[in-house]
Structures are given as structure tokens and as C-alpha cells.
Amino acid sequence: FPRLGELRGAGAEAYLSPGEALYLPSHWWHHVEATSGSPDWCISVNFWFDTVPPLLLATPPLLGPQLEVELARQVEYLAADALGAPAVPRFLAACAA
């Protein structure tokens, strides 16, 4: 890493009080240190959100096909009541986009 010296002094420091949290974007390098006067323990949680969507997409459907059709029909009725029947196709297209 020939340019490593250029990073000296480019970091940031944050001092947190009890109950506060610091968000670091996924895969950012960081160093955590407890200061004097802090409790004997601290918690660090690493969770990379880019792994969540595949897990969520694999869940089974909550409704059977008949109930999905009924729910869609009820949404159409609600949209027609709120927006007027002529606006329903455009509303549904916007929801699907």
C-alpha cells in the first residue's frame, strides 16, 4: 500500500454516550475503543443489509391464490372509492412500478 501514508490524519473520531449508536456503512474499516469512565463492556453489532433481500424473498406467501385475488379486488374498490373509478388503472399501474 504505497499511498497509505496519505491517509494519516484523514480519519474521524466519535465519542458516544450511553444509549447512543453509530452507524457505519457496510465494510468500512473502523476501530472501537472503550474510554475511561465507560462501563466495563460495550456492544458491537455487525449486520450487512445486502444479505437480507434474498432471505426475505424466499419466504412463503402469506395468502393463498384465492385470497390474493380477493385482496386485489378490495384494493381496487378502495381506490375507486377514494380516487374515482376512471383513476383506478393509473393508480394500479403506479403501484406496480
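**A nonpolar patch centred on the α2 segment**

Helix α2, spanning residues 65-83, contributes four residues to the nonpolar patch, the largest share. The patch covers about 490 Å² of surface. Its members are Leu63, Leu67, Leu71, Val75, Leu83 and Phe91. The model described here is predicted.

Val75 illustrates how a patch residue is placed. This valine lies in helix α2. Its relative accessibility is 35%. Val75 therefore counts as partly exposed, since that class lies between the 20% limit for buried and the 50% limit for exposed residues. Patch membership requires over 30% relative accessible area, and Val75, at 35%, therefore meets that limit.

The overall fold is helical. The chain contains three helices and zero strands. Read from the N terminus, the order of elements is α-α-α. The chain has 97 residues, of which 2% count as buried. Its accessible surface amounts to about 9600 Å². Carbon and sulfur atoms account for 64% of that surface.

Helix α2 packs against helix α3, which comprises residues 88-96. The two axes are 9 Å apart and meet at an angle of about 120 degrees. The arrangement is therefore oblique, because the angle falls outside the 65 to 115 degree range for roughly perpendicular pairs and is not over 145, the limit for roughly antiparallel ones. The crossing of α2 past α3 is right-handed.

Ala72 and Leu92 provide a C-alpha distance across the sequence. These residues are 20 positions apart along the chain. Their C-alpha atoms are 9.9 Å apart in space. Ala72 belongs to helix α2. With a relative accessible area of 40%, Ala72 is partly exposed.

Charged side chains were examined next. The structure holds two salt bridges. One joins Arg73 to Glu76, with 2.0 Å between the closest N and O atoms. Both residues sit in helix α2, three residues apart, so about one helical turn separates them. Arg73 is partly exposed, at 41% relative accessible area. Glu76 is also partly exposed, with a value of 25%. Since buried means under 20%, Glu76 does not fall in the buried class.

The other salt bridge links Glu6 with Arg3. Here the closest N and O atoms are 3.0 Å apart. Both Glu6 and Arg3 are exposed. By contrast, Arg73 is partly exposed, as is Glu76.

The segment before α1 supplies a further C-alpha pair. His30 lies in this segment, ahead of the helix at residues 52-57. His30 and Gly11 are 19 residues apart along the chain. Their C-alpha atoms are separated by 9.3 Å. The relative accessibility of His30 is 42%, so this histidine counts as partly exposed.

Several of these features converge on helix α2. This helix provides four residues of the nonpolar patch, and Val75 is located in it. Ala72 is found there as well. The Arg73 and Glu76 pair lies in the same helix. Helix α2 also packs with α3, at an axis separation of 9 Å.

How values were computed:
Residues are numbered from 1 along each chain as its sequence is written. This is a predicted model: local features need pLDDT of at least 70, side-chain atom pairs count only at pLDDT 80 or more; totals for chains, interfaces and linings use all residues. Side-chain values use heavy atoms; hydrogens and water are left out. Patches are made of residues with over 30% relative accessible area and no salt bridge: like charges are joined within 9 Å, nonpolar side chains (Val, Leu, Ile, Met, Phe, Trp, Tyr) within 5 Å. Accessible areas come from the Shrake-Rupley method with a 1.4 Å probe; for residues, only the protein chains shown count as cover. A salt bridge is a side-chain nitrogen of Lys or Arg within 4 Å of a carboxyl oxygen of Asp or Glu. Helices (H or I, at least four residues) and strands (E, at least two) are DSSP runs, numbered from the N terminus. Buried means under 20% relative accessible area, exposed over 50%, partly exposed in between (1.4 Å probe, protein chains only). Axes are lines fitted to C-alpha atoms, for helices over the stretch in contact, and angles run from 0 to 180 degrees between N-to-C directions. Angles under 35 degrees count as roughly parallel, over 145 as roughly antiparallel, 65 to 115 as roughly perpendicular and the rest as oblique. A crossing is left-handed if the near helix is turned anticlockwise from the far one by less than a right angle, and right-handed if clockwise.
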